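Today I sat down with a new model and a fresh page. Here is what I looked up, in the order I went through it.

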Protein chains: 4
Amino acid sequence: MSKGTVVLAYSGGLDTSCILVWLKEEGYDVITYLANIGQVEDFDAAKKKAESLGAKKVFIEDLRAEFVEEFIWPSVQASAIYEDRYLLGTSVARPCIARRQIQIARQEGAQYVSHGATGKIIAPWRIPEFYNRFVGRKDLMEYAEKHGIPVPVTPKAPWSMDANLMHISYESGILENPKSHAPADLYLMTKSPEDAPNSPDVLEIEFKKGVPIKVTHVKEGKSKDTPLDIFSYLNEMGGRHGVGRIDIVENRFIGMKSRGIYETPGGTILYHAHLDIETFTMDREVRRIKQGLGVKFAEMLYNGFWYSPECEFVRHCIDKSQESVEGKVQLSVFKGQVYILGRESPKSLYNEELVSMDVQGDYDPCDASGFIKINAVRLREHHRLQGEHHSKH
Amino acid sequence: MSKGTVVLAYSGGLDTSCILVWLKEEGYDVITYLANIGQVEDFDAAKKKAESLGAKKVFIEDLRAEFVEEFIWPSVQASAIYEDRYLLGTSVARPCIARRQIQIARQEGAQYVSHGATGKIIAPWRIPEFYNRFVGRKDLMEYAEKHGIPVPVTPKAPWSMDANLMHISYESGILENPKSHAPADLYLMTKSPEDAPNSPDVLEIEFKKGVPIKVTHVKEGKSKDTPLDIFSYLNEMGGRHGVGRIDIVENRFIGMKSRGIYETPGGTILYHAHLDIETFTMDREVRRIKQGLGVKFAEMLYNGFWYSPECEFVRHCIDKSQESVEGKVQLSVFKGQVYILGRESPKSLYNEELVSMDVQGDYDPCDASGFIKINAVRLREHHRLQGEHHSKH
Amino acid sequence: MSKGTVVLAYSGGLDTSCILVWLKEEGYDVITYLANIGQVEDFDAAKKKAESLGAKKVFIEDLRAEFVEEFIWPSVQASAIYEDRYLLGTSVARPCIARRQIQIARQEGAQYVSHGATGKIIAPWRIPEFYNRFVGRKDLMEYAEKHGIPVPVTPKAPWSMDANLMHISYESGILENPKSHAPADLYLMTKSPEDAPNSPDVLEIEFKKGVPIKVTHVKEGKSKDTPLDIFSYLNEMGGRHGVGRIDIVENRFIGMKSRGIYETPGGTILYHAHLDIETFTMDREVRRIKQGLGVKFAEMLYNGFWYSPECEFVRHCIDKSQESVEGKVQLSVFKGQVYILGRESPKSLYNEELVSMDVQGDYDPCDASGFIKINAVRLREHHRLQGEHHSKH
Amino acid sequence: MSKGTVVLAYSGGLDTSCILVWLKEEGYDVITYLANIGQVEDFDAAKKKAESLGAKKVFIEDLRAEFVEEFIWPSVQASAIYEDRYLLGTSVARPCIARRQIQIARQEGAQYVSHGATGKIIAPWRIPEFYNRFVGRKDLMEYAEKHGIPVPVTPKAPWSMDANLMHISYESGILENPKSHAPADLYLMTKSPEDAPNSPDVLEIEFKKGVPIKVTHVKEGKSKDTPLDIFSYLNEMGGRHGVGRIDIVENRFIGMKSRGIYETPGGTILYHAHLDIETFTMDREVRRIKQGLGVKFAEMLYNGFWYSPECEFVRHCIDKSQESVEGKVQLSVFKGQVYILGRESPKSLYNEELVSMDVQGDYDPCDASGFIKINAVRLREHHRLQGEHHSKH
């Protein structure tokens, strides 16, 4: 008799294939679930493999559009960036993948999910029966051979990867030494800046409520206007020009430092364009508060707390802050870099007349004196006291 | 009889030349003071001009070394960046310039400074007698002609500039329209990325207590090891490769938005290198607090509060945080971009062994389960309550 | 011919009576406006006085209900407290008063308001023609006599007061010396704790969305359920028991320190009751963020920025955070103190079963071990490094 | 053969007595350690009991002075208060107790500590062999009987307590229901405010660098001037007047809510007195930053992170902020409440003259106008835009 049904997040690789077979051995019915979040993958092959290994049902889910609209867009609004550098491409995909897995489990009446984020979870790599049996890769290979699990023929790269529409990350293996440079042929999403075109592409991105609603290639006149098309096109442009590569050491949630290399072409372009239109249209003090919330949002996202009350709260607040963030930004992408060229907005708080007045001196200079003097009241008192004490000693 | 002595911050340009003569007309003795903070300037000519216009004494002060060590270095430690983009090149020069002006005033027994930041200040552009007399540039020209003040022959650029060792800023004039792109020939410190060399330069920067103590050109073996030499060399390298150009709209202290274009070649390289070595060596939670203090520091600096109790306090705290920030960062500069390549440190909190264990599964996986479950206690309660309410309604 | 119409915030006192007459002298039509925000005042007498001094029109506006609902309630939600002690009774009344003044000005077609917060403002105490003429109280008295302005017969208290429904503040005069104690007969809203009843009153306050919807006197069974009634009743109860007196030195917006004495009976009870029900029903991390926003809100309120974009934004966010803040709090008031006695809520995140399990050890103790060990990963690395360095030196 | 030596934090109660015997059964040598941190306890009896149960060595350590100076004082400086209410009396004792335990372990060459905070720890309540054997109190009693462990004769209170010099906390048992009121006879450190004296005691506390250096009873002239004496005297005074009782629901580190009742007489007096002298002497903006650091410090302390790099960093910063926090505060304690009466300081930033000028109008009112107008630039732009959009719709 079955111990119950498990919805297993299945990649088609050696690990999850062994887990599939092992779960069956342990007496579970297994439904496999593979999310298409934009990674390069032979989904048909994965489907067939899962079926041949005994999956009761196989789900291949195209989540790309919701990934962009419901997960990447809020991160763009938040200017979400972890420890000043990482655009969170892996982190932002997780809640998207997990959500569908739970939906499938509910719909199929499954009691367990494996490798998801909430509820009853079977996480073989944290179960002694499993991890004591499969100590190294060799154990997995032997198990695979014994159970007719096809073993990948291409040699494994000497690092691990995580790919989706937003980014590819590379870590571990030869990258673990933080001093050694990344090999030149590592990157799959972006051209090397050295090999990128010798002239820039100029793009115009239009925003409304803090999210892009259109991107136009200024010279070619070509444009995109659905979230997935916009993001894919920015990936293409950014990829062509080598935009968005970083090599960092970051702090993991569990408290250790880890070296990661990331390429996030479209995300990097959007981060810069959004920052520009936001500063152009948002009040300074609102932005200061929103900036603090954005830092918190990035930490929550990184630590896996998307579905927490605090993250829901912060997303709500950030969304509110974006109401007037609209307008167009022109930028060029070239040799790994994004250059903002100009911006315009019907909701800008920028007042050319005011700027101009200030420069020419028409602006009432007495007001500035008063402003400065009142700001100095506190400083004068401080220095008065310092002086007294210094002169006493 | 003299109304007293004024130490006038003198640039040699039309404005301050007219002010010099006007102050004399008003009955003051005038000492001129020109700070060399790395701007390109004919200091000798300025000296002669001031003398010929009647300055009682002329000070030309080379502040470059102290500018780097006492003002730029603390900003590097703080990762000081205003509104996520501006590296504060103008703001960081002001307290350096003002400090010396006050020192000169004290030493020379002057009662006033003009255009400085504290004490009794004569700010002609905020005095009605002055600003009502000189409404436009034409009035200044006439006044100059009448008083034999040499007028610059080169036509004024259609924007204004502020230059020092750290950066050049460009604003106003034709740049006031935030939509129009900056002209290609605007930049004086950096080559256009399009014209920059087709191969990168690789540099190694060594840090101690959060400040650079040495920079080495990896291929050429050349190195620099005094603050001024290091910074100048990074300016040279960054300038050659077009590093550090930004075009932004920022929020001024007085509450209006303003468009500025900046080039900060050496500062941009240092910002990235310091960020890398800091994350590598600093505890995550210390860094989180320090990051918040750095944001505050940037605002204080931008708003002109270097010599405030809060800024002294924050500088002290940030300095404390940098005690273990030491090690070497390798990076390449290429076509406008800085790429971190690797890092090493005797004080790193990075533990290759620990990283590796985690990946291979030797790390006790049960602990991770416990960690996750306890972290989920709060979330479970939240969702339990949500569920109750949803099912009731 | 009239220079235009001014809506003057008029108190009936010497100052604003002189200003009324002076404005007429200067050629303005004057409409007086007196807001009833709960202060003890003879409104009829003030009306007659204004009319007799030549006011074109007199507005006496009862703002008490909107003051409670639209200004005090959001402050309660925010736990607004300035510099850890001051409940902002004066600050919270200002935007309420100013709003109506502007409404009257619009409705009456007035071009000016006097002493309001925005727009064209006539602020006589900041106009040289006025403040040079009225240097001391004596000048006002003479002016009053000359223009038939009735002068108050009761001698002025040797301090100044600001009273409304929320509080009375006392400052200046003999209170300026921060060392001297406040006289025992200063307070008008609260009894001295020494003279307060020798047995407590026990109240139950019911909250919904973070604001009180009902207060019940537990023993007497008496209850109130409109905002104004609730707040007034809490003032009565708090006043009877001497609740809410503080004597502080605070930092003014303009940068100087100032000594103020406040009594806020109802506000103090609500502050404590709201804090209790909020912590009971709100997620810890949401509350942590909300707490930071509340500190910012208090500063904005204190500095007069209620009608700013950042304050609107923060009020929106805080309001969102209060969605589940509902339930009942029982408390006693006695001899100047508020004691929370117990609380209950249909939306509490408190789980008695979970608490109990933890204590008895049924809670899985292994999870706690894992949680602790993972939290210690970072600390172990830190101490490992410290140790290395210590042993080297 | 011994499995090694354990330093066991021993209270003399049933639990730790059983653990002592069980550890011996398991093959360890046991050293018991009992910290005197001010709790009421028969230390001699505990010593004898430990010896009779087979402890190899018994340490009774009087840590009261270092508890006050090294742990309570920094918390006072930080104004450490958890979730706006809890003064952290239990949390602040833990690092003090743990530190000595580790010192003893090092000195005695012990390999293990039991119930300490770092290193190799034996935590029986988290070891399955132990907690499965002792499911309820009955199992402990049986074990005690069997092994000749004396069982307490006084019936256990229907709640649990934690006592030290700073506070007593009460939780669990009948207190678990957050709605039920605490019994009147619960409190051991403070008199009921209802039974407290009918006239206040007035105290003067003198601070230097943010910590009290002297307390004087103003009428009696009696004074104390060592840390332990000062704190004990404040406990006595606060206890006599019923000061410092709170009943709260708080958020535990592990994510659940818990109800706790605390009495902290001396700590509460100090919290208020320190807050007063700090605001009196510290610059507003420094205090704003310090306030944020204090909130973080309280969270770290509550969560057990005293010996973390971030807590060391924050303590350093807070200590720096206290340099000028000196002067005298007069206050009265009466019927559960602390009333600040006045303060004086040689380092105050309070300027009576400046305050006075402002009130009388000698202060240049034009400066205030300028200050207000410049502060309004941003708001005017915001409202201009709002208006435009409103009029369009």
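I began with the yardstick for exposure: a residue is buried under 20% relative accessible area, exposed over 50%, and partly exposed in between, using a 1.4 Å probe and protein chains only. This is a predicted model, where local features need pLDDT of at least 70, side-chain atom pairs count only at pLDDT 80 or more, and totals for chains, interfaces and linings use all residues. Residues are numbered from 1 along each chain as its sequence is written, chains are lettered from A and ligands numbered from 1 in the order in which they are written, and side-chain values use heavy atoms, with hydrogens and water left out.

**Entry: chain A overall.** I counted 12 helices and 14 strands in chain A, taking both as DSSP runs numbered from the N terminus (helices H or I, at least four residues; strands E, at least two). Its C-alpha atoms fill a box of roughly 85 × 65 × 45 Å along the principal axes. Of its 393 residues, 59% are buried.

**Entry: salt bridges.** I took a salt bridge as a side-chain nitrogen of Lys or Arg within 4 Å of a carboxyl oxygen of Asp or Glu. Over all chains I found 118 of them.

I looked first at A:Glu66 and A:Arg100, whose side chains meet at 3.0 Å, N to O. This pair links distant parts of the chain, with A:Glu66 in helix α3 (residues 64–77) and A:Arg100 in helix α4 (residues 89–108), 34 residues apart. Both residues are buried.

Next came B:Lys138 and B:Glu142, bridged at 3.8 Å, N to O. They share helix α6 (residues 137–146) of chain B and sit 4 residues apart, about one turn of the helix. B:Lys138 is exposed because its relative accessibility is 59%, while B:Glu142, at 46%, is partly exposed.

Which bridge did I pick between chains? I picked C:Arg288 with D:Glu299, at 3.0 Å, N to O. The pair runs from helix α9 of chain C to helix α9 (residues 284–303) of chain D. C:Arg288 has 23% relative accessibility, so I noted it as partly exposed; D:Glu299 has 16%, so it went down as buried.

**Entry: symmetry.** I superposed chain D on chain B by a rotation of 180 degrees with 0.0 Å of shift along its axis, RMSD 0.0 Å; the fit is least squares on the C-alpha atoms of residues with pLDDT of at least 70 in both. The two copies are therefore related as by a two-fold rotation axis. In chain D, the C-alpha nearest that axis belongs to D:Cys317, 2.8 Å away.
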